[in-house]
Amino acid sequence: MEIKISVIVPIYNVIRDYFEVCMNCLMEQTLCEIEIIVINDGSEEQLTRYYEEYCTKDKRIKYICQENKGVSAARNRGITEANGEFLLFVDGDDWIERTTCEQVYVYAKRQNLDVVLYGYFSNYANRELLRVLHNSEQLSFEKEKLQLAILQGDDDYRMIELGATLGKAVKRELVIRNDIRYILGLKQGEDALF
């Protein structure tokens, strides 16, 4: 089977309920030609046993357990292990709609894109925020404009958090050919730099 999307899921002591929601939404994707790469980054022993058992539910899941090195190292390991045409990053406490992989892949292929930005929800204790670009056809997606928008902020792009890993799919060949990796040792901002 040709893998169209590799979904990279770094986990570290993720609560079981969140992990189940995340994994279920990935296993139920309408695009079947995906692989789900779960990187357990040194979670406690009881959770590690639980994750390992849970990941046997679907043959498309590749479960990797490593000593704790941080989220950047976990995502980098996922990139190394990935075989899909596109990479999609989903944290262990996130979830995506069941059609996300299919819609992203079809759109990327139809438009011949290396990177796809897609909308998502941010759920907070007291509200839910839909993060989409309402006038994307009127925005500039030139490298310099996007770099400044990520680093300085820009009202035109604020809804999708350009610096966040969620909401983006990237062609794996682009990442490999340009040796793009997450910088190790950062406590925050590693996704924006990536």
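Leaving aside its neighbours within four places in sequence, with which residues is Val-104 in contact? In this predicted model, the contacts of Val-104 beyond that sequence window are Val-116, Tyr-118 and Ala-169. Val-104 itself belongs to helix 4, which covers residues 100–111, and its relative accessibility of 5% places it among the buried residues, because buried means under 20%. A further spatial relation links Val-104 to Ile-5, since the two C-alpha atoms are 9.3 Å apart although 99 residues separate them in sequence.

## The chain as a whole

The chain has 194 residues, of which 43% count as buried, and its secondary structure comes to seven helices and eight strands. Among contacts between residues at least 6 apart in sequence, 74% join residues at least 24 apart. The area exposed by the chain is about 11100 Å², and carbon and sulfur atoms supply 47% of that area.

## The sheet and the helices across it

Six strands make up an open sheet with mixed pairing, and their order is 3-2-1-4-8-5. The edges are held by strand 3 (61–66) and strand 5 (115–117), each of which has a single partner strand, so one side of each is left without a neighbour in the sheet. From one strand to the next, the twist averages 20 degrees. In general, strands of a sheet pair through backbone hydrogen bonds, in either a parallel or an antiparallel manner.

Strand 8 takes part in two of these pairings. With strand 4 (residues 86–89), strand 8 (residues 168–171) runs antiparallel and is joined by three bridges, and in this pairing Leu-87 stands opposite Val-170. Strand 5 is likewise joined to strand 8 by three bridges in an antiparallel arrangement, with Val-116 standing opposite Ala-169. Both Val-116 and Ala-169 are also contacts of Val-104, a residue of helix 4. Along strand 8, Lys-168 and Val-170 point one way while Ala-169 and Lys-171 point the other way, and all are buried.

Two helices lie across strands 1, 2 and 3. Helix 1 (residues 16–27) lies across strand 1 (5–11), strand 2 (34–41) and strand 3, and runs at about 160 degrees to strand 2. Helix 2 (residues 45–54) lies across strand 1, strand 2 and strand 3 as well, but for this helix the angle of about 160 degrees is the one to strand 3.

Strand 2 contains Ile-36, which counts as buried because its relative accessibility is 0%. Which residues are in contact with Ile-36, leaving aside its neighbours within four places in sequence? They are Val-7, Val-9, Met-23, Leu-26, Met-27, Arg-60, Ile-61 and Lys-62. The C-alpha atoms of Ile-36 and Gly-78 are separated by 9.4 Å, while along the chain the two residues are 42 residues apart.

## Positive phi values and exposed positions

Most residues other than glycine have a negative phi. Against that background, Asn-112 has a positive phi of about 55 degrees although it is not a glycine, and Asp-179, also a residue other than glycine, has a positive phi near 50 degrees. Asn-112 is placed in the loop between helix 4 and strand 5, whereas Asp-179 is found in the loop between helix 6 (172–177) and helix 7. Asn-112 counts as exposed because its relative accessibility is 62%, and Asp-179 counts as exposed because its value is 58%.

Helix 7 (residues 190–193) includes Leu-193, which is exposed with a relative accessible area of 53%. Together with Ile-183 and Leu-186, Leu-193 forms a nonpolar patch on the surface, and the accessible area of these residues together is about 260 Å².

The table gathers the relative accessibility of residues discussed above.

| Residue | Relative accessibility | Class |
|---|---|---|
| Ile-36 | 0% | buried |
| Val-104 | 5% | buried |
| Leu-193 | 53% | exposed |
| Asp-179 | 58% | exposed |
| Asn-112 | 62% | exposed |

How values were computed:
Residues are numbered from 1 along each chain as its sequence is written. This is a predicted model: local features need pLDDT of at least 70, side-chain atom pairs count only at pLDDT 80 or more; totals for chains, interfaces and linings use all residues. Side-chain values use heavy atoms; hydrogens and water are left out. Patches are made of residues with over 30% relative accessible area and no salt bridge: like charges are joined within 9 Å, nonpolar side chains (Val, Leu, Ile, Met, Phe, Trp, Tyr) within 5 Å. Accessible areas come from the Shrake-Rupley method with a 1.4 Å probe; for residues, only the protein chains shown count as cover. A salt bridge is a side-chain nitrogen of Lys or Arg within 4 Å of a carboxyl oxygen of Asp or Glu. Helices (H or I, at least four residues) and strands (E, at least two) are DSSP runs, numbered from the N terminus. Buried means under 20% relative accessible area, exposed over 50%, partly exposed in between (1.4 Å probe, protein chains only). Contact means heavy atoms within 4.5 Å. Two strands pair if DSSP finds at least two bridges between them. Axes are lines fitted to C-alpha atoms, for helices over the stretch in contact, and angles run from 0 to 180 degrees between N-to-C directions.
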